[in-house]
Amino acid sequence: MQQDRQSLTQSCLTPRFLWCFALIIFAALGMRPAMKSLASHFAKESIALRQPLTEFDFSTLKSFRPSPNQSRPDFPLEALGTKQYLWKDMKMETPEPGVRNIWFFVSYYSNPRDKVPHTPEVCYRQAGAIINSSETMQLTIPDLNLDDEGIEARVLDLNQDGQRGVLAYFFCVNGKFCTDREQVRWSMSDLSSHYVYFAKIEVVVWLEDDSNAGPPTCRKLLTEALPVLVGEHFPSAADLSR
């Protein structure tokens, strides 16, 4: 028994054992500060709009103007989760047959802890709408000089309060474009940027029941409005890289 103890003591005093023991102690003491330092280094920060959305210059749009007739319902602002938003009734310069009303809606978020709570599928169903179908639509926007094939928008055909509407939307996350929550969350976790923001860009076209003007009208308004949002309001690539 005494011989075994002597052997164990001698093994514990070998340089290899002492080095391993020292490394374990160092790791135990340094792990928490190291993790705290990494979390601080990669922590995201919010970033402000270059211009408030309320200063959107509608005169830059070729085919649309704000409408003096408000058809959109009153909405509890606290439900948006942000004070940075734009919601306007629009009209076409040349009226399109079958189009009753047009809503243009943009909301901006820059809270690193935001989990993208608001998507139209959820919000409109909660408001009593019936979603008849959901598909995607490709947008080509030459003014943005996109490297890929364009932007994919989600398109919903819906009924609410006896009216038929077509809604098209997508997200802009640090200059990249997404169509669902998971894509937004994945883009927000990108470690290459110290700042983070996302915006939801949405158009709703309310129609006569037999009209097919919804998707083309959504496409036209999004195509004209997005370059203004990206060029004048959303943070630039230079802002994000500072």
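Two strands count as paired if DSSP finds at least two bridges between them. The exercises below apply this criterion, among others, to a predicted model.

**Exercise 1. Pairing around strand E10**

Task: Determine which residue stands opposite Lys200 in E10, and how many bridges join E7 to E10.

Solution.
Step 1. Phe171 is the residue that stands opposite Lys200 in E10.
Step 2. Strands E7 and E10 are antiparallel and are joined by 10 bridges.
Step 3. E10 also pairs with E4, again in the antiparallel sense, over 10 bridges. In this pairing, Tyr108 is set opposite Ala199 of E10.

**Exercise 2. Burial of strand E10**

Task: Establish how many residues of E10 are buried, and which residues point each way from the strand.

Solution.
Step 1. The cut-off for a buried residue is a relative accessible area under 20%.
Step 2. In E10, 10 of the 10 residues are buried, so the strand is largely enclosed by the rest of the structure.
Step 3. In a regular strand, side chains alternate between the two faces of the sheet.
Step 4. From E10, Phe198, Lys200, Glu202, Val204 and Trp206 point one way. Ala199, Ile201, Val203, Val205 and Leu207 point the other way, and both sets are buried.

**Exercise 3. The environment of Ile201**

Task: State whether Ile201 is buried or exposed, and which residues it touches beyond four places away in sequence.

Solution.
Step 1. Ile201 belongs to strand E10.
Step 2. Its relative accessibility is 1%, so Ile201 counts as buried.
Step 3. With residues up to four places away in sequence not counted, Ile201 touches Phe104, Phe105, Val106, Ala168, Tyr169, Phe170, Cys172, Leu222, Leu226, Leu229 and Phe234.
Step 4. One of these residues, Leu222, is 21 residues from Ile201 along the chain, and the two C-alpha atoms are separated by 8.0 Å.

**Exercise 4. The nonpolar cores**

Task: Identify the residues with the most contacts inside the largest nonpolar core, and the element that supplies the largest share of this core.

Solution.
Step 1. The largest nonpolar core has 43 residues, and those with the most contacts inside it are Phe56, Ile102, Phe104, Ile201, Leu221, Leu229 and Phe234.
Step 2. At least two residues of this core come from each of strands E3 (85-92), E4 (99-109), E5, E6, E7 and E10 (198-207) and from helix H5 (214-233).
Step 3. H5 supplies the largest share, 7 residues.
Step 4. Leu229 illustrates the packing: apart from its neighbours within four places in sequence, Leu229 is in contact with Leu53, Phe56, Phe104, Val106, Ile201 and Phe234.
Step 5. A second, separate core has 22 residues, among them Trp87, Phe171, Val184 and Met188.

**Exercise 5. The two sides of helix H4**

Task: Explain why the buried residues of H4 line one face of the helix, and state which elements they pack against.

Solution.
Step 1. In H4 (residues 181-188), the buried residues are Val184, Ser187 and Met188.
Step 2. Viewed down the axis of H4, these residues fall within an arc of 100°, so they line one face of the helix.
Step 3. Glu182 and Trp186 are exposed on the other side of H4.
Step 4. The buried residues of H4 pack against E7, E8 (176-178), E9 (195-196) and E10.
Step 5. At the N-terminal end, H4 is capped by Asp180, a side-chain oxygen of which lies 3.2 Å from the backbone nitrogen of Glu182.

**Exercise 6. Strand E6 and its partners**

Task: Find which strands pair with E6, and which residue takes a positive phi in the hairpin of E6 and E7.

Solution.
Step 1. E6 (residues 151-160) is mostly covered, with 8 of its 10 residues buried.
Step 2. E5 (residues 130-139) runs antiparallel to E6 and is joined to E6 by 9 bridges. Within this pairing, Ser133 has Asp157 of E6 as its bridge partner.
Step 3. E7 (residues 163-173) pairs with E6 in the antiparallel sense over 7 bridges. Here the bridge partner of Gln160 is Gln163 in E7.
Step 4. The hairpin of E6 and E7 has 2 residues between the strands, and Asp161 takes a positive phi near 50°.

Key:
Residues are numbered from 1 along each chain as its sequence is written. This is a predicted model: local features need pLDDT of at least 70, side-chain atom pairs count only at pLDDT 80 or more; totals for chains, interfaces and linings use all residues. Side-chain values use heavy atoms; hydrogens and water are left out. Buried means under 20% relative accessible area, exposed over 50%, partly exposed in between (1.4 Å probe, protein chains only). Helices (H or I, at least four residues) and strands (E, at least two) are DSSP runs, numbered from the N terminus. A nonpolar core is a set of buried Ala, Val, Leu, Ile, Met, Phe, Trp, Tyr and Cys residues joined through side-chain atoms within 4.5 Å. Contact means heavy atoms within 4.5 Å. The arc is that of the directions from the helix axis to the C-beta atoms. A polar contact is a pair of N or O atoms within 3.5 Å; within protein, one must be able to donate a hydrogen and the other to accept it, and residues adjacent in sequence count only if both atoms are side-chain atoms.
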